[in-house]
Amino acid sequence: MRKGLSWFNVTSIALGFTFLYIPIILLVIYSFNASRLVTVWAGFSTHWYWQLFQNQQLLDAAWVTLRVAFLTATVATVLGTLAAITLTRYGRFLGRTLFSGMVYAPLVMPEVITGLSLLLLFVAIGLDRGFWTITLAHITFTMCFVSVVVQSRLVTFDRSLEEAALDLGCTPFRTFFVITLPIILPAVVSGWMLAFTLSLDDLVIASFTTGPGATTLPMRIYSQVRLGVTPEINAACTILIAIVTVVVIFASIMTKRQEAERQKAERLAAAG
């Protein structure tokens, strides 16, 4: 059996990545187009970025989107981590099947159904739709992704480290923050980043749960694209891509640093 990639595998991977990233690269390039026509290149210019920062509607939508994404990722990470710990550590308990089903349901539930059901819930309880209803809806459907990521790390977690800390007098609360959390932190950071990204580009659920004064950036872009793509939209999407790229790079660096520190601590412990 030959080892390594065959020409077919290399070609397939190259075509796949080309199909995925060429449109994004073209969007970034044409955001610096001097022409108002997005398909006609007329020279390099940053004019449309200046125009974008004069568009108050897009700026307000971007600010709402970033606030919703940050709150959603933070709360979803806390709840998803707790759910993962419950499903991993406490074995079989009464209602476990129902609990796990409720945690993982948004993974397979179509976004249209999730958005519509949440809309009916908010209307039934008389909650005014707006910023907080979008945030609650995003927390509901991103928490399960965090739970899956963190649970995959907890499954391979060496619990003897926690038992050693407990034997040495640590309380369960302190053991979690001193031993458990630093070890699973790369998975927690990955879950936060995933929740942030999912909330950042959601359109369907936000459309159902939004209200006056709470228009997100994907909704604003979609409403303007229906009338025709403008260079300002390309500039806004380029900035959004840059934000996501920075978050991914930061999370990757932090994850690698935490992993290196963990391996160093394990080597020191083995040597001692």
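Buried means under 20% relative accessible area, exposed over 50% and partly exposed in between, with a 1.4 Å probe and protein chains only. The model is predicted, so local features need pLDDT of at least 70 and side-chain atom pairs count only at pLDDT 80 or more, while totals for chains, interfaces and linings use all residues. Residues are numbered from 1 along each chain as its sequence is written, and side-chain values use heavy atoms, with hydrogens and water left out.

**Exercise 1.** Determine whether Thr 135 is buried or exposed, and list its contacts outside its sequence neighbourhood.

Solution. Start with the location: Thr 135 lies in helix α6, residues 131-155. Helices here are DSSP runs (H or I, at least four residues; strands are E, at least two), numbered from the N terminus. Next, the relative accessibility of Thr 135 is 3%, so the residue counts as buried. Finally, with neighbours within four places in sequence left aside, Thr 135 is in contact with Val 68, Leu 71 and Thr 72. Contact means heavy atoms within 4.5 Å.

**Exercise 2.** Place Gly 80 and Pro 106 in their helices and describe the surroundings of each.

Solution. Gly 80 is part of helix α3. Its relative accessibility is 0%, and Gly 80 is therefore buried. Not counting residues up to four places away in sequence, Gly 80 touches Met 143, Val 146 and Ser 147. The C-alpha atom of Gly 80 is 10.0 Å from that of Thr 140, with the two positions 60 residues apart along the chain.

Pro 106 belongs to helix α4. With a relative accessible area of 16%, Pro 106 is also buried. Under the same exclusion of residues up to four places away, Pro 106 touches Thr 140, Phe 141 and Cys 144. Pro 106 and Thr 142 are 36 residues apart in sequence, and their C-alpha atoms are separated by 7.9 Å.

**Exercise 3.** Describe how α3 packs against α4.

Solution. Take the geometry first: the axes of α3 (residues 56-89) and α4 (residues 96-108) come within 11 Å and cross at roughly 145 degrees. Axes are lines fitted to C-alpha atoms, for helices over the stretch in contact, and angles run from 0 to 180 degrees between N-to-C directions. The crossing is left-handed, meaning that the near helix is turned anticlockwise from the far one by less than a right angle (right-handed if clockwise). Then the residues: Ala 83, Thr 86 and Leu 87 of α3 meet Arg 96, Phe 99, Ser 100, Val 103 and Tyr 104 of α4. By class, this contact has five nonpolar, two polar and one charged residues. Ala, Val, Leu, Ile, Met, Phe, Trp, Tyr, Cys and Pro count as nonpolar, Asp, Glu, Lys and Arg as charged, and the others, Gly among them, as polar.

**Exercise 4.** Classify the orientation of α3 and α8.

Solution. The axes of α3 and α8 (residues 172-200) come within 8 Å and cross at roughly 135 degrees. The two helices are therefore oblique to each other. Angles under 35 degrees count as roughly parallel, over 145 as roughly antiparallel, 65 to 115 as roughly perpendicular and the rest as oblique. The crossing of α3 with α8 is right-handed. Its contact residues divide into 14 nonpolar, eight polar and one charged.

**Exercise 5.** Compute the helix content of the span that UniProt lists as "domain: ABC transmembrane type-1".

Solution. The unreviewed UniProt entry places this feature at residues 62-252. UniProt positions are in the numbering used here, feature names are shortened, and annotations may be inferred rather than shown by experiment. Over residues 62-252 the chain is 81% helix and 0% strand, with end C-alpha atoms 25 Å apart.
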